[in-house]
Amino acid sequence: MKFSDMDMLQDYEKDTRMAALAYSLIQTEVIDNNLRRLFKMASDEAAKSQQIFSNLIIERGDRP
C-alpha cells in the first residue's frame with residue numbers, strides 16, 4: 001500500500017489532534033500542580049502543531 005504526502009499530512013494532523021485531547025484529559029486527573037502544568041504545556045503544543053498542519057492541508061485543497 002502506498003501513501004501519498006496528503007495521507008501522511010492528514011495522519012499526522014489526526015495524531016496531534018488526539019494528543020491534544022489526551023493530554024488535556026490526563027491533566028484533569030493529575031493532582032500535582034507541576035505535573036498539571038506540564039500536561040497543559042504538552043496539550044497546548046500539540047494543539048499548535050495540529051492547527052499548523054490543518055491549515056497546511058486546507059491550503060493544499062483538502063480536508064483535515
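**Exercise 1.** At what angle do α1 and helix α2 pack, and how far apart are their axes? Work out the relative direction of the two helices as well.

*Solution.* Keep in mind that this is a predicted model. Start with the geometry: helix α2 covers residues 33-59, and α1 packs against α2 at about 155 degrees, with the axes 8 Å apart. Next, apply the cut-off: angles over 145 degrees count as roughly antiparallel, so α1 is roughly antiparallel to α2. Finally, add the handedness: the crossing of α1 past α2 is left-handed.

**Exercise 2.** Take the salt bridge between Arg17 and Glu13, and describe its spacing and the exposure of each partner.

*Solution.* First, look at the contact: the closest N and O atoms of Arg17 and Glu13 are 2.7 Å apart. Then turn to the sequence positions: the two residues are four apart in helix α1, so about one helical turn separates them. Now check exposure. Glu13 has 1% relative accessibility and therefore counts as buried, whereas Arg17, at 35%, counts as partly exposed.

**Exercise 3.** Find a salt bridge in helix α2 and set out its details in the same way.

*Solution.* Try Asp44 and Lys40, whose closest N and O atoms lie 2.9 Å apart. Both belong to helix α2, four residues apart, about one turn of the helix. For exposure, Asp44 is partly exposed at 34% relative accessibility, and Lys40 is partly exposed at 41%.

**Exercise 4.** Which residues make the nonpolar surface patch of about 440 Å²?

*Solution.* The patch is formed by Met1, Phe3 and Met8. Place Phe3 next: this residue sits in the segment before α1 (5-29). Its relative accessibility is 55%, so Phe3 counts as exposed.

Technical notes. Residues are numbered from 1 along each chain as its sequence is written. This is a predicted model: local features need pLDDT of at least 70, side-chain atom pairs count only at pLDDT 80 or more; totals for chains, interfaces and linings use all residues. Side-chain values use heavy atoms; hydrogens and water are left out. Patches are made of residues with over 30% relative accessible area and no salt bridge: like charges are joined within 9 Å, nonpolar side chains (Val, Leu, Ile, Met, Phe, Trp, Tyr) within 5 Å. Accessible areas come from the Shrake-Rupley method with a 1.4 Å probe; for residues, only the protein chains shown count as cover. A salt bridge is a side-chain nitrogen of Lys or Arg within 4 Å of a carboxyl oxygen of Asp or Glu. Buried means under 20% relative accessible area, exposed over 50%, partly exposed in between (1.4 Å probe, protein chains only). Axes are lines fitted to C-alpha atoms, for helices over the stretch in contact, and angles run from 0 to 180 degrees between N-to-C directions. Angles under 35 degrees count as roughly parallel, over 145 as roughly antiparallel, 65 to 115 as roughly perpendicular and the rest as oblique. A crossing is left-handed if the near helix is turned anticlockwise from the far one by less than a right angle, and right-handed if clockwise.
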